[in-house]
Every structure is written in C-alpha cells, then in structure tokens.
Amino acid sequence: MTDLWDRLDEAIGQLSDITDIRAAAIVRRDGLVIAHNLPDGVDPKLVAAMTAAIVGTSEMATLQLAQGPFARAVIEAQDGKMISMGAGEEALLVALVYKDANLGLVLMGMDRVARRVDEILRPGVRSTTGTETW
Amino acid sequence: MKSCDRESAARLGRRRGSVSATKEGLQKLLEFFLYGMLRTSESLGNVELFLRRVEEEGLRKFMIVNMPKFMGSASAADACKAYTREADAEGLFEGSDTSFREDGGTIRADIDARCTYRRVCTLRHDEGLPIHCIRAYGLAEMLRIRLDAHYDWTLEAFGLPCRIRMTQTPRR
C-alpha cells in the first residue's frame, strides 16, 4: 500500500514543480483527504470538504444551465486563486495558485496530474460509497 | 472533550425529558427533515459529501449526549454492534432490527423493516430516486470517529432486509 501513497505524493510533487502553484491536494468526492502538501495553518479536512462542495455545486450548475460537462472551477481572490477539478470518478484535485500565475501552464499541469491520479486510483483501490437505484 | 462541549452536552441531556411531541410526531419530523435534506443535497450536487458531513458533525456532538456508555472497540464489527446496542438502549432506534457479521475484513449488515428511516427510503424508491442509507453513513462515520478506521459502504439491496457491505479503505 505504501507504493500507492508514494505514487500519489509523486503526483502532488509534479504540481509543486510548477512554481506558480503554491500547494495542492487530492481529495475524495465525499470530501475526505487523500494526499496533500497544503501549508501549515490550512486545515486539509476543510479544504477537502470545500473542494467537494465547490465541484459538486459547479457540476450541478453546468448541468442545469446546459453548459456541457464541467471542466474546472476557478475561484479568484485578492491574494490568489483556487482551482478545483475532477481526477477520475473517485477523486478531485485542488490547487492554490499565486495571484499572478501563468494560468495556461497551471491548467496544463493540473490536467496532466488529474489523469495520473485517475490512473493510480482506478484499479480497484477503493470502492464507491454505496448509493443504488432500483 | 472541551469543557464547552461538556457543558452543552449536559444542557442537551437535561432537556431530553421536556419534549412535548408524540412519538408519531417525532417520526414525522424525522421523515420531513431527512427527505428535505436528501433533496437539498441532491440539488447542491454532492449527496455523499453532505450526508457524510451531517453524520460526522452530528455524531461528534450527540454521541456524547445520546450514547454516553459507548466507547468503541478494537474490532470494527464489534464497534458496530456496540453502537447499535447503545442506540437501542437510548431509545434512538430499534437495535434488534440489525444483524452484523464479519467476513474477512468486510462487515455485512442486514437491517429489517423496522428501520426508523425506512419510510423515507420507500418514498424515494417509489419516486424512482436513489436510496441513500443514512444508517450506513452513520456506521461509517462512527468507525472513523471512534476507531480512526476508514470504511466505504455499498447498499447491496434495498429490501427486506436491506443489505449493507462495508469494506475498509487504505489510509496512511
């Protein structure tokens, strides 16, 4: 199992190589933390829950407004940006980005890491939270 | 536990005897709020997050008040049994409606028709909506809080009985 965490840490590390990204986290869609390199003073549990809420609400909004599939949510604040996106069926990726960041570079890096996270988590690493329809 | 938590828990405990609603009225209120909560969380786009957080926050607070004797256990299945027994003893729901068995690290729970949430599940089933088992969310969050163990669950069958499978997920 150590290998799984190593690969996830490596994926997060790839984002850290992009100097415009301050910190990042991989979280589950139900708001639990998987891996992160968030700075001290930032509560990873809170970030995970907020990311899941932001993506969930954004996905619902794009669906309801007939805007096609959700791609990412970009939240701009005075001191930086928060970018959240899906990373496969089970996970989400969130990055804290400096305010003057090169967004093109950041988004390319995030897309690449999101695909990598999907590959790492896909082969039966975890089952889904159980909700069924009859 | 923080002292402010203890004080508010004690206050809540003292108030328990002063409820004026009938048992049937409280059941209707439960169904009203659960149904509304499910529809609201669906409209916000993330039922799993919403219900998991509701259970997490609720249990952290109310296990102190409503289940003072429940301390958890080394075994997840035993913790589920003890939690259900304690909920029964405190009059929250009929604990004998549930049977647990452990199967190679997987916990299986069968919950029969006496489940206090069943009417809401049946309503949603009749409306063609997905069933979200609030009992399973509760068990998973209890295990996370008391045992620091992460379990994912699947509602394998909504029926008589409802069948839940809980499997431990890897964590650091």
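Buried means under 20% relative accessible area, and exposed means over 50%; partly exposed lies in between. The exercises below use a predicted model.

**Exercise 1. Is B:Tyr137 buried or exposed, and which ring pairs with it?**

Step 1. Take the accessibility. B:Tyr137 has a relative accessible area of 2%. The cut-off for buried is under 20%. B:Tyr137 is therefore buried.

Step 2. Turn to the aromatic pairs. Over all chains there are three. In one of them, B:Phe32 and B:Phe33 meet edge-to-face, with 5.0 Å centre to centre and 90° between the planes. B:Phe32 is exposed at 57%. B:Phe33 is exposed too, at 54%.

Step 3. Find the partner of B:Tyr137. Its ring centre lies 4.8 Å from that of B:Trp153, and the planes stand at 80°. Planes over 60 degrees apart count as edge-to-face, so this pair is edge-to-face.

Step 4. Place the two rings. B:Tyr137 sits in helix α6 of chain B and B:Trp153 in strand β4 of chain B. They are 16 residues apart, and the pair links distant parts of the chain.

Step 5. Check the partner. B:Trp153 has a relative accessible area of 2%, so B:Trp153 is buried.

**Exercise 2. Describe α6(B): its span, its cover and what comes just after it.**

Step 1. Compare spans. α6(B) has 14 residues. From first C-alpha to last it reaches 19 Å, close to the expected 20 Å.

Step 2. Count the buried residues. They number 11 of 14, and the helix is mostly covered. Among them are B:Ile134, B:Arg135, B:Tyr137, B:Leu139 and B:Met142.

Step 3. Look at B:Arg135. Its charged end sits over the ring of B:Phe93, 4.0 Å from the ring centre.

Step 4. Move past the end of the helix. Just after α6(B), B:Asp148 takes a positive phi of about 55°. B:Asp148 is not a glycine. It lies in the loop between α6 (134–147) and β4 of chain B. Its relative accessibility is 47%, so B:Asp148 counts as partly exposed.

**Exercise 3. Work along α2(A) from its N-terminal cap to the residue that follows it.**

Step 1. Start at the cap. A:Asp43 caps the N-terminal end of α2(A). One of its side-chain oxygens lies 3.0 Å from the backbone nitrogen of A:Lys45.

Step 2. Test the length. The 21 residues should span 30 Å at 1.5 Å a residue. The end C-alpha atoms are 30 Å apart, which agrees.

Step 3. List some buried positions. They include A:Val47, A:Ala52, A:Val55, A:Met60 and A:Thr62.

Step 4. Leave the helix. α2(A) is followed by A:Ala66, with a positive phi near 50°. A:Ala66 is not a glycine. Its place is the loop between α2 (44–64) and β3 (73–76) of chain A. At a relative accessible area of 66%, A:Ala66 is exposed.

**Exercise 4. Which side chain does A:Asp30 contact, and where does A:Asp30 lie?**

Step 1. Locate A:Asp30. It is in the loop between β1 (21–28) and β2 (33–36) of chain A.

Step 2. Check the cover. The relative accessible area is 7%, so A:Asp30 is buried.

Step 3. Name the contact. The side chain of A:Asp30 makes a polar contact of 2.7 Å with the side chain of A:Arg28.

**Exercise 5. Where is the cis peptide bond that involves B:Pro161?**

Step 1. Identify the bond. It joins B:Leu160 and B:Pro161, with omega about 5°.

Step 2. Place the proline. B:Pro161 is in the loop between β4 (151–157) and β5 (162–168) of chain B.

**Exercise 6. How many cavities of 30 Å³ or more are there, and which residues line the largest?**

Step 1. Recall the idea. A probe the size of a water molecule, rolled over the atoms, shows where empty space is left.

Step 2. Count. The whole structure holds two cavities of 30 Å³ or more.

Step 3. Size the largest. Its volume is about 90 Å³.

Step 4. Read the lining. It includes B:Cys115, B:Cys121, B:Cys133 and B:Cys162. B:Ile134 is also in this lining, and B:Ile134 is one of the buried residues of α6(B).

**Exercise 7. How far apart are A:Ser16 and A:Gly109 in sequence and in space?**

Step 1. Place A:Ser16. It belongs to helix α1 (residues 2–16) of chain A. At 36% relative accessibility, A:Ser16 counts as partly exposed.

Step 2. Give both distances. A:Ser16 and A:Gly109 are 93 residues apart in sequence. In space they are 9.8 Å apart, C-alpha to C-alpha.

Key:
Residues are numbered from 1 along each chain as its sequence is written. Chains are lettered from A and ligands numbered from 1 in the order in which they are written. This is a predicted model: local features need pLDDT of at least 70, side-chain atom pairs count only at pLDDT 80 or more; totals for chains, interfaces and linings use all residues. Side-chain values use heavy atoms; hydrogens and water are left out. Helices (H or I, at least four residues) and strands (E, at least two) are DSSP runs, numbered from the N terminus. Buried means under 20% relative accessible area, exposed over 50%, partly exposed in between (1.4 Å probe, protein chains only). A polar contact is a pair of N or O atoms within 3.5 Å; within protein, one must be able to donate a hydrogen and the other to accept it, and residues adjacent in sequence count only if both atoms are side-chain atoms. The expected span of a helix is 1.5 Å times one less than its number of residues. Rings of Phe, Tyr and Trp (its six-membered ring) pair if their centres lie within 6.5 Å; planes under 30 degrees apart count as stacked, over 60 as edge-to-face and the rest as tilted. A charge sits over a ring if NZ of Lys or CZ of Arg is within 6 Å of the ring centre and within 35 degrees of the ring normal. On a 1 Å grid over the protein atoms alone, a cavity is a set of points where a 1.4 Å probe fits but cannot get out, and a pocket is an open set with protein on both sides within 12 Å along at least five of seven lines; lining residues have an atom within 4 Å of a point. Grid points are joined across faces, edges and corners, and a volume is the space filled by probe spheres set on the points.
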